[in-house]
Amino acid sequence: MPNKILCPKCHGQRTISCIACHGAGKTSIVGITLAKCEECGGSGRHLCDICGGVGEVEPADTGVMKT
Ligand SMILES: [Zn+2]
Ligand SMILES: [Zn+2]
């Protein structure tokens, strides 16, 4: 079993800023009142899609290709 490494995306925090609202938890569209972000449910955070919320990944799962 390879040693797990800290997730390169969330750095072990298991969550990342919502890409839809940039962590604000709200979406703003010109002319429309701020609404709760549907992507993150208003929390502004997303479960990390790289480690799946574990905070660690196997080295092969980082997406960094070794040639
Ligand atoms: Zn969001
Ligand atoms: Zn992660």
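Me: How are the donor residues of the zinc ion (ligand 1) spaced in sequence?
Reply: The spacing is C-x2-C-x15-C-x2-C. Cys-18 lies in the loop between β2 (15-17) and β3 (26-29) and Cys-40 in the loop between β4 (32-36) and β5 (45-47), so this pair ties together parts 22 residues apart in sequence. Strands are DSSP runs (E, at least two residues), numbered from the N terminus. The model is predicted: local features need pLDDT of at least 70, side-chain atom pairs count only at pLDDT 80 or more, and totals for chains, interfaces and linings use all residues. Residues are numbered from 1 along each chain as its sequence is written, and side-chain values use heavy atoms, without hydrogens and water.

Me: What makes Cys-18, Cys-21, Cys-37 and Cys-40 donors of the zinc ion (ligand 1)?
Reply: Their SG atoms lie 2.2 to 2.3 Å from the zinc ion (ligand 1). Donors are N, O and S atoms within 2.8 Å of the metal (3.2 Å for Na, K and Ca), so these SG atoms qualify.

Me: Why is the site of the zinc ion (ligand 1) called tetrahedral?
Reply: The angles among its four donor atoms are 104 to 115°. Four donors count as tetrahedral if all angles lie between 85 and 135 degrees, so the term applies.

Me: How do you know whether Cys-18 is buried or exposed?
Reply: Its relative accessibility is 1%. Buried means under 20% relative accessible area, exposed over 50%, and partly exposed in between (1.4 Å probe, protein chains only), so Cys-18 is buried. Cys-40, with a relative accessible area of 12%, is buried as well.

Technical notes
Chains are lettered from A and ligands numbered from 1 in the order in which they are written. Four donors count as tetrahedral if all angles lie between 85 and 135 degrees; four count as square planar and six as octahedral if opposite donors are over 155 degrees apart and all others between 65 and 115; anything else is irregular. Helices (H or I, at least four residues) and strands (E, at least two) are DSSP runs, numbered from the N terminus.
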